[in-house]
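The following paragraphs lead through a protein chain, beginning with its overall make-up and moving on to aromatic rings and helix packing. Please keep the structure in view while reading.

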Amino acid sequence: MHLPSFTVTAVAVLSVTAMLATRDIGWRSWISATTSLGASVLKGANYPKIDINDVSGLQAARDSMDLKSWLGCTIFSAPWHDIRRSDGEINGVGARFYCPSTTCSWEAMDHVVHGRIVIFIHGGGFVVGSIESHDYIAQRVAHETGSLVISVNYRLAPEYPFPAGQTDVVTVLQNVVATYTEQDLHSDQSHSDKDILKLPKILLMGDSAGGNLAITAFLRAHIEEKSLAVRSVSGLLLAYPAVQTNCHECHMSFARFGQGYFLSASMITWFRHLYLGNLGKQIVPVSVEEQFSVNVTSSGHPLISPIEASIQLLSTLPRTAIALAECDPLADEGRAFAAKLEDADVDVHLHVFNRTIHGFVSVPLDQHEEAVAFLIEQAQLMWDRMPA
C-alpha cells in the first residue's frame, strides 16, 4: 500500500511528538525536533539517503539547515540586535563581519576595542550550515561582548573534504593577526618574543563541527609553527563540539540520544562519510610523532579527532570553555574531552545544560540564555587574563 507523502509526513511528525512527550526535555527542544523533521521533509532533505554526487540533494540539505535555524529563531523570538554587518573575504576565504561600532571595515581594525576579536565557526557536520544559519548567534556575541566578530564562511564537504574547512579557519586566523599587527605573513616565525608586537586577543568560537574546527585549527597552527597566530588566541569557546570523529559510537550518549533528539546517529554518520571519505574508514589513533605532522592518514589523528591527542599536544591549548546539551549524541565525548583537558593541565570550564538538545546555542531553545551567559562570562575572563 502506497501512502501519500503528506500522510507519511504527518505520521512521522506525530510519532516523534509522542516519543518526545514522554522524554525529559524542555518544551522548546520538543517543538524544535518536531519542526525540524517537518522542515527536512518539506525541503526534501533526508540526509542519510543523499548521495555524495547528488548536487540538488546536498543543496536541499543546506537550505533545510538555514530554514530550521530561521524557524527556530522566529518561533522562539530570538533577541536580535542592531549590529552592523558586512560580507567580504580574508585572503580568499569568505567571511561576515559584525561590528558594534559605527564602521565595519575589518582591514583598518580601528573599531577593535582592546584587541578583542571573536572568530566564529558555524556548525553543520562540515557539510551543511552557513553564516546565514548562524547569523543570530554571531550578532548576539558581537552585541554582548562589544567585540568584532568574524564569522567564517569556510568550504564545505563533500565538494571540499578534510582539511579544506580547517585550513580556511587557519588562513583567517593568521591573516587577522597579520593585519592587526601590521606584519607581513611571511615574518610570522621570526618573532620569538611575545612583547615585541602588540597582539590581538582572539577567541575561537564554534558549535558542533565548528567546535571541532576551532580546536583543530588551533592545533594545526601550532603544528605548523604559526607562532603569532597561536599566541594571539586567548581561548576557545565551544558548544557541543564533535571531538571524536573517528568513533562517536564509542560513547553511550550516541546510542541513548541518537534518535528523536534533532541530531540523529544516522545524520552524524552521513556527515562523517562526506567529510572524510575513505579516510573515515581508518580509525586507529596515530603515534605521538605522527600527531605533530599535518600528514593525516587516519581519522584517529588529532586534526580530525582532537580527543585522541596526546597530553603533550593537548597541553598547548589555551583556556577552554565547553557548553554541552544533556540530551545530545555528542554529550559524552564532550565530557570525556573536558576530562582529558584537565589531565593535560588545560584551564577548562565545563557546563552541561539539562533538558536541552543539540543546537541550543545557535537557536534559542531550552537553556539558551543560560548557555550564552556562561560563554560570554568565560569570554570576558579569557580576555581579562591576557595582558593589555
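The chain contains 13 helices and 8 strands. The model is a predicted one. Of the 388 residues in the chain, 59% are buried. Among contacts with a separation of 6 or more, 72% are accounted for by residues 24 or more positions apart.

The aromatic rings offer a way into the interior. A pair of aromatic rings is described by the distance of the centres and the angle of the planes. The structure holds 8 aromatic pairs, and one of them joins Tyr240 to Phe360, with 5.7 Å from centre to centre and 45° between the planes, a tilted arrangement. This pair links distant parts of the chain, since its two residues are 120 residues apart: Tyr240 belongs to the loop between β6 (233-239) and α8 (252-256), while Phe360 belongs to the loop between β8 (348-357) and α13 (368-385). Both Tyr240 and Phe360 are buried.

A further pair is formed by Phe353 and Phe374. Their ring centres are 6.1 Å apart and their planes stand at 65°, which is over the 60 degrees required, so the pair counts as edge-to-face. Here, too, distant parts of the chain are linked: Phe353 lies in strand β8 and Phe374 in helix α13, 21 residues apart. Phe353 has a relative accessible area of 2% and is therefore buried. For Phe374 the relative accessible area is 10%, under the 20% cut-off, so this residue is buried as well. Through ring pairs, Tyr240, Phe353, Phe360 and Phe374 are joined into a cluster.

Helix α13, which carries Phe374, also packs against another helix. Two packed helices are described by the angle between their axes and the distance between the axes. Helix α4 (residues 135-145) meets α13 at an angle of about 50°, and their axes are 11 Å apart. Because this angle falls neither under 35 degrees nor within 65 to 115, α4 is oblique to α13. The crossing of the two helices, α4 and α13, is right-handed.

Which residues make the contact between α4 and α13? On the α4 side they are Tyr136, Ile137, Arg140, Val141, Glu144 and Thr145; on the α13 side they are His368, Glu369, Val372, Ile376, Gln380 and Trp383. By character, the residues of this contact of α4 with α13 comprise 6 nonpolar, 3 polar and 3 charged.

Conventions:
Residues numbered from 1 in each chain as written. Predicted model: local features only at pLDDT ≥ 70, side-chain atom pairs only at ≥ 80, totals over all residues. Heavy atoms only, no water. Phe/Tyr/Trp six-rings, centres within 6.5 Å; stacked < 30°, edge-to-face > 60°. Helix = DSSP H or I, 4+ residues; strand = E, 2+ residues; numbered from the N terminus. Buried < 20%, exposed > 50% of the residue type's maximum accessible area, 1.4 Å probe, protein only. Axes fitted to C-alpha atoms, helices over the stretch in contact; angles between N-to-C directions. Parallel < 35°, antiparallel > 145°, perpendicular 65-115°, else oblique. Left-handed = near helix turned anticlockwise from the far one by under 90°. Contact = heavy atoms within 4.5 Å. Nonpolar A, V, L, I, M, F, W, Y, C, P; charged D, E, K, R; others polar.
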